[in-house]
Amino acid sequence: MAHRLLLLLVCPLLALFHTAHAQSGSGVSPLGSYIPPLAAQTLFAIQLNLSVAGTPLRIAGTTYADGLGTHAVSEILLDVPADAVALSGAVGVDDSALADKKGNPGSVRFRLIAGNSILWESPVLKAGTPAQAFNVPVPSSRYRKIYLQADDAGDNPHNDHADWVNLRWHHGTPEAPQPARIFDGANFGHQPNVPGDQTPAINKALDTLRRAPGSTLRLAPGDYHFHYNAALRRHLHISNHDQPVWHPVGIALADLRDTTLDAQGSRFIFHGRMLPVMFLDSQNVALRNVSLDFARPHLSQATLTKVERGSFEMTVDTRLYPHKIEKGK
């Protein structure tokens with residue numbers, strides 16, 4: 001059965017702000033006055049060296065001179081400098097959230113996203129909780145873009161004043177790219193025609209392909225299943241499309257160069273509401289010899305069996321479109 005599917009192609013065609021790279025060379029350099037080239041935020045505006053409320057950056061009583069003041073939900077793009085090996089900093093809910101008369105301290109979970117992976121994730125933080133530090137390897141030979149996510153922790157965005165402070169690039173000699181080659185999907189745990197989730201295997205394979213530009217991944221022919229629970233969540237705006245806060249992505253072909261994924265006639269089956277495939281921040285990437293489908297199509301089809309004035313009757317195939325009727329709905 002054929003269904004209409006969406007493949008998302010995202011390109012930062014327009015830089016919303018002026019970009020100034022951190023100073024290169026060995027050692028450590030702050031982002032300083034660096035303005036992110038692309039950012040999305042559901043409430044208010046991102047602030048440079050101030051909280052989203054326009055006050056000095058302050059987490060659990062400690063004031064920070066530099067950083068980004070945001071509000072969950074947000075996603076901020078940083079360009080990785082050519083000689084970067086790591087990014088460090090700290091995160092927390094700004095003390096300005098404590099001014100709420102109802103005593104809501106906010107609740108934010110922070111993430112660092114690169115390629116198809118979550119590189120680092122904080123616990124849920126609230127106003128008054130000390131800043132959570134991080135130091136994450138982001139070798140520029142592997143990553144050209146990194147995204148800072150602030151999530152509302154699944155409750156609500158009230159007072160989610162999210163601060164990224166003391167952001168520092170660590171410079172050095174990045175790891176050398178590995179030689180291009182043809183990889184067998186079985187080496188990463190890919191198994192055709194089994195119901196298990198193949199998302200961990202495809203993520204492992206894509207990370208290897210990212211380390212070896214010019215490579216190809218070949219999968220044995222068959223059906224491969226990808227499940228909603230393991231999907232990478234991204235904060236995206238897609239024209240003529242539903243706009244949830246987070247778009248789950250089944251296969252994120254992101255930050256890749258000269259890469260081919262050859263499915264050799266396979267079918268990728270997606271379970272749950274998600275974007276099946278996303279191309280992002282990549283060059284010369286090909287997905288070949290594959291068909292895409294959903295285990296449960298997003299739209300159900302019915303057969304009209306009787307039509308009368310003011311009413312009609314229809315039948316729905318319960319095998320193809322599982323459903324139940326409760327209270328007449």
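In which strand is Leu38 found? Select Leu38 to begin: this residue belongs to strand β3, which covers residues 38-41. The model on screen is a predicted one. With a relative accessible area of 28%, Leu38 is partly exposed. Now add Glu75 to the selection. Glu75 lies 37 residues from Leu38 in sequence, and the two C-alpha atoms are 8.7 Å apart in space.

**The whole chain**

Zoom out and show the protein as a cartoon. The protein has 1 helix and 24 strands. Its C-alpha trace spans about 70 × 55 × 35 Å along the principal axes. There are 329 residues, and 45% of them count as buried. If you turn on a surface, its accessible area comes to about 16,400 Å², and carbon and sulfur atoms hold 53% of that. Among contacts in the protein with a separation of 6 or more, 76% are between residues 24 or more positions apart.

Next, colour by pLDDT. The mean over the protein is 88, and 92% of the residues reach 70 or more. Where does pLDDT stay under 50? Select residues 1-24 to see that stretch. The model gives these residues 52 contacts beyond four places in sequence. Where pLDDT is low, the predicted coordinates should not be read in detail.

**A buried serine in a loop**

Select Ser122. This residue sits in the loop that runs between β11 (117-121) and β12 (132-137). Is Ser122 buried or exposed? Ser122 counts as buried because its relative accessibility is 2%, and the cut-off for buried is under 20%. Show the residues around Ser122: leaving out those up to four places away in sequence, Ser122 touches Val91, Val108, Arg109, Phe110 and Gln132.

**Salt bridges**

How many salt bridges does a search of the whole structure find? The search finds 16. Four stops follow.

Select Asp79 and Lys145. Their side chains meet in a salt bridge, with 2.5 Å from N to O. This pair links distant parts of the chain, since Asp79 is in strand β8 (residues 74-79) and Lys145 is in strand β13 (residues 145-151), 66 residues apart. Asp79 has a relative accessible area of 11%, so Asp79 is buried.

Move to Asp255 and Arg144. The closest N and O atoms of this salt bridge are 3.2 Å apart. Asp255 lies in the loop between β19 (247-254) and β20, while Arg144 lies in the loop between β12 and β13, so the salt bridge ties together parts that are 111 residues apart in sequence. Asp255 is buried, at 2% relative accessible area, whereas Arg144 counts as partly exposed at 21%.

Then select Glu308 and Lys306. Here the closest N and O atoms of the salt bridge are 3.0 Å apart. Glu308 is partly exposed at 43% relative accessibility, and Lys306 is partly exposed at 37%.

For the last of these stops, select Arg142, Glu175, Asp207, Arg210 and Arg211. Salt bridges with shared partners join these residues into one network.

**Aromatic pairs**

Show the rings of Phe, Tyr and Trp. The count comes to 8 aromatic pairs. One of them is Phe183 with Phe188, a tilted pair with 5.9 Å from centre to centre and 55 degrees between the planes. Both of these residues, Phe183 and Phe188, are buried.

Select Phe270 and Phe294 next. This aromatic pair is also tilted, at 6.1 Å centre to centre and 50 degrees between the planes. Phe270 is in strand β20 (residues 257-271) and Phe294 is in strand β22 (residues 283-294), so the pair links parts of the chain that are 24 residues apart. Phe270 and Phe294 are both buried. Add Tyr224, Phe226 and Phe268 to the selection: ring pairs link these three residues with Phe270 and Phe294 into a cluster.

**A nonpolar patch on the surface**

Which residues make the nonpolar surface patch of about 460 Å²? Select Leu304, Val307, Phe312 and Met314. The elements that give two or more residues to this patch are β23 (303-308) and β24 (311-315). End the tour at Val307, which has its place in strand β23. Val307 has a relative accessible area of 61%, so Val307 is exposed.

Terms used
Residues are numbered from 1 along each chain as its sequence is written. This is a predicted model: local features need pLDDT of at least 70, side-chain atom pairs count only at pLDDT 80 or more; totals for chains, interfaces and linings use all residues. Side-chain values use heavy atoms; hydrogens and water are left out. Patches are made of residues with over 30% relative accessible area and no salt bridge: like charges are joined within 9 Å, nonpolar side chains (Val, Leu, Ile, Met, Phe, Trp, Tyr) within 5 Å. Accessible areas come from the Shrake-Rupley method with a 1.4 Å probe; for residues, only the protein chains shown count as cover. A salt bridge is a side-chain nitrogen of Lys or Arg within 4 Å of a carboxyl oxygen of Asp or Glu. Helices (H or I, at least four residues) and strands (E, at least two) are DSSP runs, numbered from the N terminus. Buried means under 20% relative accessible area, exposed over 50%, partly exposed in between (1.4 Å probe, protein chains only). pLDDT is the predictor's confidence in each residue, from 0 to 100. Contact means heavy atoms within 4.5 Å. Rings of Phe, Tyr and Trp (its six-membered ring) pair if their centres lie within 6.5 Å; planes under 30 degrees apart count as stacked, over 60 as edge-to-face and the rest as tilted.
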